[in-house]
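Here are some exercises to work through with the model open beside you. Try each task yourself, then check your steps against the solution.

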Amino acid sequence: MIQTFNYFRFSNILKSISLIFDQKALRGIGIIGFICLGILSGCSGYQCGTGSLYNREIKTVYVPMVQADSYRNGLGERLTEAVCKRITERTPYDLANVDEADSELIIRLVAENQTVSALNKYNDTRQKNFNWTVLVVWRDRRQTQIAELDATPIMINEGLTINAQEYLVAEMGQSTAVTQQNIIDKLADQIVDLMESPW
């Protein structure tokens, strides 16, 4: 017995399949819309994005030149540049002059040590350890206590010590300048992380 192709029956099956998928798509769009509506209406006290990580009362920051207790030239200038770059890239704060700023971020490079950790058989340096310590003070220039909804104050008035360590392996083609820049980048990231509001 030869079976003939029934076009009308096949088109009815396709219509019912497309109707099922259209209902599922509409249901999915409805659920997504309901979730978005709930987020927008129920979370009015919250913020989205990186702006929610920082205190909204602070608008501007003054960063003076980093004072470096080191005999190596240019370390304070390089650290100041890295911190200013991180503040403008990662925070909602603007850099300002000393007379116009809401807060002041004071950084002092108090220790910059290099130690040899490995020697080769010819008594040449294989690996050096670089260890830097900075003291950070972030204070309010408006003479008011800055706090986020009765949380602990985010200002650092007493001074906070931050350490960063990096290794130099000369046999791998690393240089002192690159290692110093890696430490500067680590310290700048840690300093800007301190400017976030407490959870």
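**Exercise 1. Work out how many helices and strands the protein has, and in which pattern they follow one another.**

Solution. Start with the count: three helices and six strands. These are DSSP runs, numbered from the N terminus, with at least four residues (H or I) for a helix and at least two (E) for a strand. Now read along the sequence, and you get α-β-β-α-β-β-β-β-α.

A word on the ground rules: this is a predicted model, where local features need pLDDT of at least 70 and side-chain atom pairs count only at pLDDT 80 or more, while totals for chains, interfaces and linings use all residues. Residues are numbered from 1 along each chain as its sequence is written, and side-chain values use heavy atoms, with hydrogens and water left out.

**Exercise 2. Find out what share of the protein is buried and what its accessible surface comes to.**

Solution. First, burial: 30% of the 199 residues count as buried. The cut-offs are under 20% relative accessible area for buried, over 50% for exposed, and partly exposed in between (1.4 Å probe, protein chains only). Next, the surface: about 13,500 Å² is accessible, and carbon and sulfur atoms hold 55% of that. Those areas come from the Shrake-Rupley method with a 1.4 Å probe, and for residues only the protein chains shown count as cover.

**Exercise 3. Work out which strands pair with E4, and in which sense.**

Solution. Two strands pair if DSSP finds at least two bridges between them. Take E1 (residues 60-62): two bridges join it to E4 (residues 103-119), and the two strands run parallel. Within that pairing, Tyr62 sits opposite Glu104.

Move on to E2 (residues 67-68), which also pairs with E4 in the parallel sense, over two bridges. Here Ala68 has Leu109 as its bridge partner.

Then look at E5 (residues 125-140), which is antiparallel to E4 and joined to it by 15 bridges. One spot to check is Ala118, which stands opposite Gln127. E4 and E5 make a hairpin with five residues between them, and Asn123 in the turn has a positive phi of about 65°.

**Exercise 4. Compare the length of H3 with the expected span, then list its buried residues.**

Solution. H3 covers residues 176-193, 18 in number. The expected span is 1.5 Å times one less than the number of residues. That gives 26 Å, and the helix reaches 26 Å from its first C-alpha to its last, so the model is close to what's expected.

For the buried residues, you should have Thr179, Gln180, Ile183, Ile184, Leu187, Ala188, Ile191 and Val192. Keep in mind that an α-helix has 3.6 residues a turn, so residues three or four places apart point the same way.

**Exercise 5. Track down the aromatic pairs and say how each is arranged.**

Solution. The rule: rings of Phe, Tyr and Trp (its six-membered ring) pair if their centres lie within 6.5 Å; planes under 30 degrees apart count as stacked, over 60 as edge-to-face and the rest as tilted. That yields two pairs.

Tyr54 and Tyr93 have ring centres 5.7 Å apart and planes at 75°, so they're edge-to-face. Tyr54 is in the loop between H1 (7-42) and E1, while Tyr93 is in the loop between H2 (75-90) and E3 (94-95), 39 residues apart.

Tyr93 also pairs with Trp138, at 6.1 Å centre to centre and 55° between the planes, a tilted arrangement. Trp138 belongs to E5, 45 residues from Tyr93 in the chain. Put together, Tyr54, Tyr93 and Trp138 form one aromatic cluster. Tyr54 and Tyr93 are both buried, and so is Trp138.

**Exercise 6. Which parts of the chain does the salt bridge between Asp185 and Arg86 tie together?**

Solution. A salt bridge puts a side-chain nitrogen of Lys or Arg within 4 Å of a carboxyl oxygen of Asp or Glu. The whole structure has nine. For Asp185 and Arg86, the N to O distance is 3.2 Å. Asp185 lies in H3 and Arg86 in H2, so the bridge ties together parts 99 residues apart in sequence.

Check exposure next: Asp185 is partly exposed at 23% relative accessible area, whereas Arg86 is buried at 12%.
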